[in-house]
Amino acid sequence: MKSLFDYAQSCLQTYDIEQKLILTHAAWHAWQCDALSYTDTQPIADIHFTQFPARPILLPPKQMPKRNLNSAQGVASLFHALAHIEFIAIYLAWDMLYRFRGLPKQFYQDWLKVADEEAQHFALIREHLRDLGMEYGDLPAHQGLWEHAQNTADNLLARLAIVPRCMEARGLDVTPLMIEKFNARGDAKSVAILTRILQDEVGHVAIGSYWFNTLCLEQNLAPEPTYQQLLQQFYKGKPKGPFNREMRIIAGFSTAELTWLETYAHTSNF
Ligand SMILES: [Fe+2]
Ligand SMILES: [Fe+2]
């Protein structure tokens with residue numbers, strides 16, 4: 001029987017975009033047919049072996065060009081940035097299940113489903129981008145997203161705190177505002193794509209919260225102070241608000257965590 005980790009390694013170590021999408025959907029299909037083992041047989045490759053396509057060129061956030069949604073070019077460049085976020089999200093989901101072993105079957109199933117949904121999100125946005133006259137890779141993209149994975153490669157609780165419960169959770173704050181803007185412009189297609197993605201992302205953050213809380217309790221750690229400590233240790237800078245309390249609560253944040261985040265985001269020296 002083929003192993004889930006073989007698929008994971010192939011997906012992480014191919015720079016070929018089409019191959020990555022095909023393998024991701026094939027793995028989720030095989031898992032649903034009970035045709036994939038999750039036995040830990042091969043050693044785990046170092047995170048530096050992860051391969052990315054030659055394009056887009058990756059730049060530090062400060063060098064990213066500014067976007068203006070009042071021009072067609074600005075809208076296309078926003079969707080290019082979103083395509084990149086979804087593309088890296090495929091890697092992040094795969095790496096979550098590849099790098100951390102010996103966990104319950106449900107852990108692997110949850111993150112494989114996330115990888116499959118991220119591949120769908122990427123494909124949806126890339127198609128939209130093509131309709132707008134642009135191909136993924138035509139513009140430079142944000143270099144920082146994968147750094148969070150590199151910094152937490154040997155710490156599962158930190159990975160869960162930073163990737164689903166910080167980066168993906170940020171999507172819950174900003175996407176409703178983007179949807180409102182496209183609604184006001186009468187751009188129904190952009191609204192439909194972003195609404196679909198937002199629904200899935202609530203689920204991804206909820207999966208992150210579930211595993212973060214479950215694994216903390218298993219290790220006799222109190223989840224809320226552990227989250228605070230990991231954020232301060234592993235997240236460069238501070239998470240930005242305003243936070244979407246309603247959606248974050250659906251996605252497994254506690255009101256105490258949100259109150260702490262709001263205070264933390266506004267203090268200069270914590
Ligand atoms: Fe996504
Ligand atoms: Fe996601």
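## An iron pair and the helices around it

Glu118 bridges the iron ion (ligand 2) and the iron ion (ligand 1), which lie 3.6 Å apart. The model in which this arrangement appears is a predicted one. Coordination of the iron ion (ligand 2) comes from one OE donor of Glu118, one of Glu168, two entries for Glu201 (OE) and the ND1 atom of His204, at 1.9 to 2.7 Å. Along the sequence, the donor residues of this iron ion (ligand 2) follow the spacing E-x49-E-x32-E-x2-H. Distant parts of the chain are linked in this way, since Glu168 belongs to helix α6 and His204 to helix α7 (residues 188–218), 36 residues apart. Glu168 counts as buried because its relative accessibility is 14%, a value under the 20% limit, and His204, at 1% relative accessibility, is buried as well.

### Helix α6

Helix α6, which contributes Glu168, has 29 residues and reaches 41 Å from its first C-alpha to its last, close to the 42 Å expected at 1.5 Å a residue. The helix nevertheless bends by about 35° at Val174, and a proline, Pro176, follows within four residues. After the end of α6 comes Gly186, whose phi is positive, near 75°.

At the other end, Asn155 sits in the loop between α5 (145–151) and α6 and is partly exposed, with 23% relative accessibility. A side-chain oxygen of Asn155 comes within 3.3 Å of the backbone nitrogen of Leu157 at the start of α6, while the backbone nitrogen of Ala158 lies 3.0 Å from a polar atom of the Asn155 side chain. Leaving out residues up to four places away in sequence, Asn155 touches Phe100, Leu230 and Phe234. The C-alpha atoms of Asn155 and Ala188 are separated by 41 Å, although the two residues are 33 apart along the chain.

Two further residues of α6, Arg165 and Met178, are listed with Glu168 and Asn155 below.

| Residue | Relative accessible area | Class |
|---|---|---|
| Arg165 | 0% | buried |
| Glu168 | 14% | buried |
| Met178 | 15% | buried |
| Asn155 | 23% | partly exposed |

The side chain of Arg165 reaches the backbone oxygen of Gly252 at 3.4 Å. Not counting residues up to four places away in sequence, Arg165 touches Leu160, Gly208, Ser209, Phe212, Tyr227, Gly252, Phe253 and Glu257. Met178, again without its neighbours within four places in sequence, is in contact with Leu78, Leu82 and Leu194. From Leu12, Met178 is 166 residues away in sequence and 30 Å away in space, C-alpha to C-alpha.

### Helix α10 and its buried face

Glu257, one of the residues that Arg165 touches, is also among the buried residues of α10, together with Leu258, Trp260, Leu261 and Tyr264. Seen down the axis of α10, these buried residues fall within an arc of 160°, and they therefore line one face of the helix. This fits the general geometry, in which an α-helix has 3.6 residues a turn, so residues three or four places apart point the same way. The partners against which the buried residues of α10 pack are α6 (156–184), α8 (223–234) and α9 (245–250). The length of α10 (residues 255–266) can be checked in the same manner as that of a regular helix, because at 1.5 Å a residue its 12 residues should span 16 Å, and the end C-alpha atoms are 17 Å apart, which agrees.

Definitions and conventions
Residues numbered from 1 in each chain as written. Chains lettered and ligands numbered in written order. Predicted model: local features only at pLDDT ≥ 70, side-chain atom pairs only at ≥ 80, totals over all residues. Heavy atoms only, no water. Helix = DSSP H or I, 4+ residues; strand = E, 2+ residues; numbered from the N terminus. Expected span 1.5 Å × (residues − 1). Buried < 20%, exposed > 50% of the residue type's maximum accessible area, 1.4 Å probe, protein only. Arc of directions from axis to C-beta. Contact = heavy atoms within 4.5 Å. Bend = angle between axes of the 7 residues up to and from the residue. Polar contact = N/O pair within 3.5 Å; in protein donor to acceptor, adjacent residues only side chain to side chain. Donors = N, O, S within 2.8 Å, 3.2 Å for Na, K, Ca; no water.
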